[in-house]
Amino acid sequence: MAGPNGALGSTFKIVRILQALSLIAIIGMTAYFISQMVSHNNAPSDVLVGTLSVTCIAVLYCTITYILFIDNMLPFLITTGMDGMLLIALVVVGVVVGRPLSYLNCQVIGSSSVSESTYQLGLELKKSFNKEGTEVKYSNWIGASKVTCYEMKAIWGLSIALCVLFAFSAICSVCLWRRSKVIAPKSVEA
């Protein structure tokens, strides 16, 4: 069941599939937010554009490396370095996306105790949407509604999970590289 690369190879494949699924989910949610902003003739937030760019590149990378792994053509040492670079990019995404989100309680958005601040936020968003060509501020966008808040927290959580997955796949890659470099012992004939 493990295949020619053993349990380590199977683990690598499973991690790549989980990475691709998480990345596709982030792309879908981020692209939806960007399309909402553009449909109101506003420039999308730099945070969302950056997140979309990093995740699109990462999906392409995951797909290519998965295919190369199946065909036994994957250069494991280079893959380790690339996984490390994507890990760094995803840490940056997680920090930038999560910085304002960590202070936001999605459950209180729209409740009567914060109705005045929600009203102010709504006015600010309306002003932003009424001015064509203005950029929507990310910190305002995430507090626009409960749904938006929860979806952005999902993107943040998935980016943190992707950091763990890319660290794990880098470890798997270096172990697979090490195993491929081990020379089989010579048989001693008497």
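User: How exposed is Tyr-32 in this structure?

Analyst: In this predicted model, Tyr-32 has a relative accessible area of 45% and is therefore partly exposed. The limits behind that label are under 20% for buried and over 50% for exposed.

User: Is Phe-33 buried or exposed?

Analyst: Phe-33 counts as buried, because its relative accessibility is 1%. Across the chain, 37% of the 190 residues count as buried.

User: How should a pair of aromatic rings be read?

Analyst: Such a pair is described by the distance of the ring centres and the angle of the planes. A search of the whole structure finds four aromatic pairs. For one of them, formed by Phe-12 and Phe-69, the centres are 4.9 Å apart and the planes stand at 45°, so the pair is tilted.

User: Which parts of the chain does the pair of Phe-12 and Phe-69 link?

Analyst: It links distant parts of the chain, with Phe-12 in helix H1 and Phe-69 in helix H2, 57 residues apart. Phe-12 is buried, with a relative accessible area of 0%. Phe-69 also counts as buried, at 4% relative accessibility. Tyr-32 and Phe-33 form an aromatic pair as well, tilted at 50° between the planes, with 6.2 Å from centre to centre.

User: Which residues do ring pairs link into a cluster?

Analyst: The cluster consists of Phe-12, Phe-69 and Phe-76.

User: How does the span of helix H1 relate to the expected value?

Analyst: Helix H1 covers residues 6-39, which is 34 residues, and reaches 50 Å from its first C-alpha to its last. This is close to the 50 Å expected at 1.5 Å a residue. Asn-41 follows H1 and has a positive phi, near 60°.

User: What is the wider arrangement of helices and contacts?

Analyst: The chain has six helices and zero strands, giving the pattern α-α-α-α-α-α along the sequence. Among contacts between residues at least 6 apart in sequence, 80% join residues at least 24 apart. The accessible surface comes to about 10,900 Å², of which 68% belongs to carbon and sulfur atoms.

User: Which elements have the lowest and the highest mean pLDDT?

Analyst: Where pLDDT is low, the predicted coordinates should not be read in detail. Helix H4 (residues 115-130) has the lowest mean value among the elements, 53, and helix H2 (residues 46-70) the highest, 96. Over residues 112-118 the pLDDT is below 50, and this stretch has two contacts in the model beyond near neighbours in sequence. The chain averages 85, and 82% of the residues score at least 70.

Note on methods:
Residues numbered from 1 in each chain as written. Predicted model: local features only at pLDDT ≥ 70, side-chain atom pairs only at ≥ 80, totals over all residues. Heavy atoms only, no water. Helix = DSSP H or I, 4+ residues; strand = E, 2+ residues; numbered from the N terminus. Buried < 20%, exposed > 50% of the residue type's maximum accessible area, 1.4 Å probe, protein only. Contact = heavy atoms within 4.5 Å. Areas by Shrake-Rupley, 256 points an atom, 1.4 Å probe, with all protein chains shown as cover. pLDDT = per-residue confidence, 0-100. Expected span 1.5 Å × (residues − 1). Phe/Tyr/Trp six-rings, centres within 6.5 Å; stacked < 30°, edge-to-face > 60°.
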